[in-house]
Amino acid sequence: VVQGQGEGDNTIEADNAGPGPDAAPITRPIIANATLLGWGDTESQGMLLRRGFGADFENVALADRSVVGNVPAEAAFALGCFLNTDEVDEELEAFGIAYFCANGAAVDVPENLFDVWSAGQFDEGGDGTGDGPVTFTATEDPALTVDPATYVVTTIVPPDGTVSVAENYFGAVDPNAAPPFWQDWTVHIANQ
């Protein structure tokens with residue numbers, strides 16, 4: 001995902017059907033080897049996950065477009081990398097997210113990271129008891145970069161070896177493959 005300047009608000013916005021976090025069916029995709037690059041509008045953030053959403057994230061790279069070599073340093077999410085507005089599903093798991101957002105601020109999320117998704121502010125009913133354990137392995141890497149020609153991610157974070165489907169690298173592009181798989185078939189709308 002490469003978000004255009006001033007266009008869009010989230011690289012991922014995901015939730016369940018209403019009215020609450022336990023409504024069926026629960027959304028539980030596996031998102032593996034994704035690269036999520038944002039810039040967006042004044043309300044932009046990397047991931048907005050809420051209302052009972054459950055998923056497995058595996059070796060995902062999440063960053064501002066400021067980490068790409070040919071864009072301005074100020075090309076940042078307005079609100080940071082992560083945002084939660086209510087409870088996610090207790091089975092949501094992240095096996096390896098490498099991230100960097102120049103704007104470290106995030107609404108309702110201390111230190112720009114979901115420290116406790118199943119307890120405290122994100123538990124059902126707000127009673128602090130939580131609904132179950134959540135695996136969330138995410139590491140901030142201020143040195144994370146994305147090559148502007150290939151979109152290969154370079155990070156000091158080691159890929160998670162316990163994943164079920166992800167390849168052993170971060171992001172969507174295999175650093176050992178040439179040319180990148182996406183060349184000659186992706187769509188570029190309005191030069192964004």
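Is Trp182 buried or exposed? Keep that question in mind as we walk through this model, which is a predicted one. Trp182 turns out to be buried, because its relative accessible area is 19% and the cut-off for buried is under 20%.

Let's stay with Trp182 and look at its ring partner. A search of the whole structure finds 1 aromatic pair. That pair is made by Tyr151 and Trp182, whose ring centres are 5.7 Å apart and whose planes meet at 75°, so the arrangement is edge-to-face. The angle qualifies because planes over 60 degrees apart count as edge-to-face. The contact links distant parts of the chain: Tyr151 sits in the loop between strand E9 (145–146) and strand E10 (153–154), while Trp182 belongs to the segment after E10, 31 residues apart. Unlike buried Trp182, Tyr151 counts as partly exposed, because its relative accessibility is 24%. Tyr151 also has a backbone feature to check in your viewer: a positive phi of about 65°, although it is not a glycine.

The segment after E10 has something else to show you. Pro179 is placed there, and the peptide bond leading from Ala178 to Pro179 is cis, with omega near -10°.

A positive phi also turns up at Asn33, about 50° in this case, and again the residue is not a glycine. You will find Asn33 in the loop between strand E2 (30–32) and strand E3 (35–38). Asn33 counts as buried, because its relative accessibility is 11%.

Next, the covalent cross-link. The structure holds 1 disulfide, formed by Cys81 and Cys101 with their sulfur atoms 1.8 Å apart. The link of Cys81 and Cys101 is right-handed, with 95° about the S-S bond. What does the pair tie together? Cys81 lies in the loop between strand E5 (56–64) and strand E6 (82–83), and Cys101 in the loop between strand E7 (93–100) and strand E8 (136–140), so the bond joins parts that are 20 residues apart in sequence. Both ends are shielded: Cys81 counts as buried at 0% relative accessibility, and Cys101 counts as buried at 2%.

Strand E6, which begins after the loop of Cys81, brings us to the sheet. An open sheet of 3 strands runs in the order E1-E4-E6, with parallel pairing. E1 and E6 stand at the edges with a single partner strand each, so one side of each has no neighbour in the sheet. E4 and E6 pair in the parallel sense over 2 bridges, and the bridge partner of Leu48 in E6 is Leu83. As background, strands of a sheet pair through backbone hydrogen bonds, either parallel or antiparallel.

Finally, let's turn to the interior. In soluble globular proteins, nonpolar side chains tend to be buried together. Here the largest nonpolar core has 23 residues, and the members that touch the most others are Met47, Leu49, Phe57, Leu62 and Ile97. Strand E1 (10–14), strand E4 (45–49), E5, E7 and E8 each supply at least two residues of this core. A second, separate core has 15 residues, including Ala61, Val68, Val71 and Val146.

Note on methods
Residues numbered from 1 in each chain as written. Predicted model: local features only at pLDDT ≥ 70, side-chain atom pairs only at ≥ 80, totals over all residues. Heavy atoms only, no water. Disulfide = S-S within 2.5 Å. Helix = DSSP H or I, 4+ residues; strand = E, 2+ residues; numbered from the N terminus. Buried < 20%, exposed > 50% of the residue type's maximum accessible area, 1.4 Å probe, protein only. Core = buried A, V, L, I, M, F, W, Y, C linked by side-chain atoms within 4.5 Å. Phe/Tyr/Trp six-rings, centres within 6.5 Å; stacked < 30°, edge-to-face > 60°. Pairing = 2+ DSSP bridges.
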